[in-house]
Amino acid sequence: MKVAKVKASTRKDKLEVSKPVEERKVGKRKAAVKADNSRLKWAKKTKLDKKDPNKPKRPATAFFVFLEEFRKTYKEEHPNEKAVSVVGKAGGGKWKSMSAAEKSPYEVKAAQKKSDYEKLMIAYNKKQVNSQNLHQMMKMMRKVGRKKMRTTRTTRTMMTESGMPCNLIM
């Protein structure tokens, strides 16, 4: 009787099998795959962290301004249609068939909303800068100490703009 030679599995092979699929050796591309995965995880975290609830919402385009009015009329004419996709398709078809003169009132409304949005964003960005300045001032106060820190005109104006009384930093 012939006995087949069986390759003895080494400890390394056993460890390799017990690892999750992502960590097993794949060959030359192992490092590239790990780098891609880490970048994706980092990108997802930064996207989720950066969303600010106080930031103004972007304005609606001319088509969406039109669609707001179109939905009301379409639901009155077709009360049985409940699907959002049907209303959207009908609105898109009508928008494509409209002339530039018919679209102009919606474009004017969209332009007005855009200008309002830009004003809100300017105010929002100013507020962000002021809060960053306040954060930096508070950090500096902790680092140096309240009694040692000298006030200058710039620090006083930064503090008054942010709403913090100047006598706190003296």
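In this predicted model, the largest pocket is lined by Lys-51, Asp-52, Pro-53, Lys-55 and Lys-57. The space in this pocket comes to about 150 Å³. Charged residues account for four members of the lining, and one member is nonpolar. Polar residues are absent from the lining.

The secondary structure consists of six helices and zero strands. Along the sequence, the pattern therefore reads α-α-α-α-α-α, with helices and strands taken as DSSP runs. The protein has 170 residues, of which 16% are buried. Among contacts with a separation of 6 or more, 55% join residues 24 or more positions apart.

The largest nonpolar core contains 11 residues. They are Ala-62, Val-65, Phe-66, Leu-67, Phe-70, Tyr-74, Val-87, Trp-95, Met-98, Tyr-106 and Ala-110. Three helices give two or more residues each to this core: α3 (62-77), α4 (84-97) and α5 (100-144). The most comes from α3, which gives six residues. In soluble globular proteins, nonpolar side chains tend to be buried together.

Val-65 belongs to this core. Its neighbours within four places in sequence are left aside here. Beyond them, Val-65 is in contact with Ala-60, Tyr-106, Lys-109, Ala-110 and Lys-113. Of these partners, Tyr-106 and Ala-110 are also listed in the core.

Aromatic residues form a further theme. The structure holds eight aromatic pairs. One of them joins Phe-66 and Tyr-106, with ring centres 5.4 Å apart. The ring planes of Phe-66 and Tyr-106 stand at 75°, so this pair is edge-to-face; the cut-off for that class is over 60 degrees. The pair links distant parts of the chain. Phe-66 lies in helix α3 and Tyr-106 in helix α5, 40 residues apart.

Both rings belong to buried residues, for which the limit is under 20% relative accessible area. Phe-66 has a relative accessible area of 3%, so Phe-66 is buried. Tyr-106 counts as buried because its relative accessibility is 13%. Phe-66 and Tyr-106 are both members of the largest nonpolar core.

The two residues also share one aromatic cluster, formed by Phe-63, Phe-64, Phe-66, Phe-70, Tyr-74, Trp-95 and Tyr-106. Core and cluster overlap: Phe-66, Phe-70, Tyr-74, Trp-95 and Tyr-106 appear in both.

Terms used
Residues are numbered from 1 along each chain as its sequence is written. This is a predicted model: local features need pLDDT of at least 70, side-chain atom pairs count only at pLDDT 80 or more; totals for chains, interfaces and linings use all residues. Side-chain values use heavy atoms; hydrogens and water are left out. A nonpolar core is a set of buried Ala, Val, Leu, Ile, Met, Phe, Trp, Tyr and Cys residues joined through side-chain atoms within 4.5 Å. Buried means under 20% relative accessible area, exposed over 50%, partly exposed in between (1.4 Å probe, protein chains only). Helices (H or I, at least four residues) and strands (E, at least two) are DSSP runs, numbered from the N terminus. Contact means heavy atoms within 4.5 Å. On a 1 Å grid over the protein atoms alone, a cavity is a set of points where a 1.4 Å probe fits but cannot get out, and a pocket is an open set with protein on both sides within 12 Å along at least five of seven lines; lining residues have an atom within 4 Å of a point. Grid points are joined across faces, edges and corners, and a volume is the space filled by probe spheres set on the points. Ala, Val, Leu, Ile, Met, Phe, Trp, Tyr, Cys and Pro count as nonpolar, Asp, Glu, Lys and Arg as charged, and the others, Gly among them, as polar. Rings of Phe, Tyr and Trp (its six-membered ring) pair if their centres lie within 6.5 Å; planes under 30 degrees apart count as stacked, over 60 as edge-to-face and the rest as tilted.
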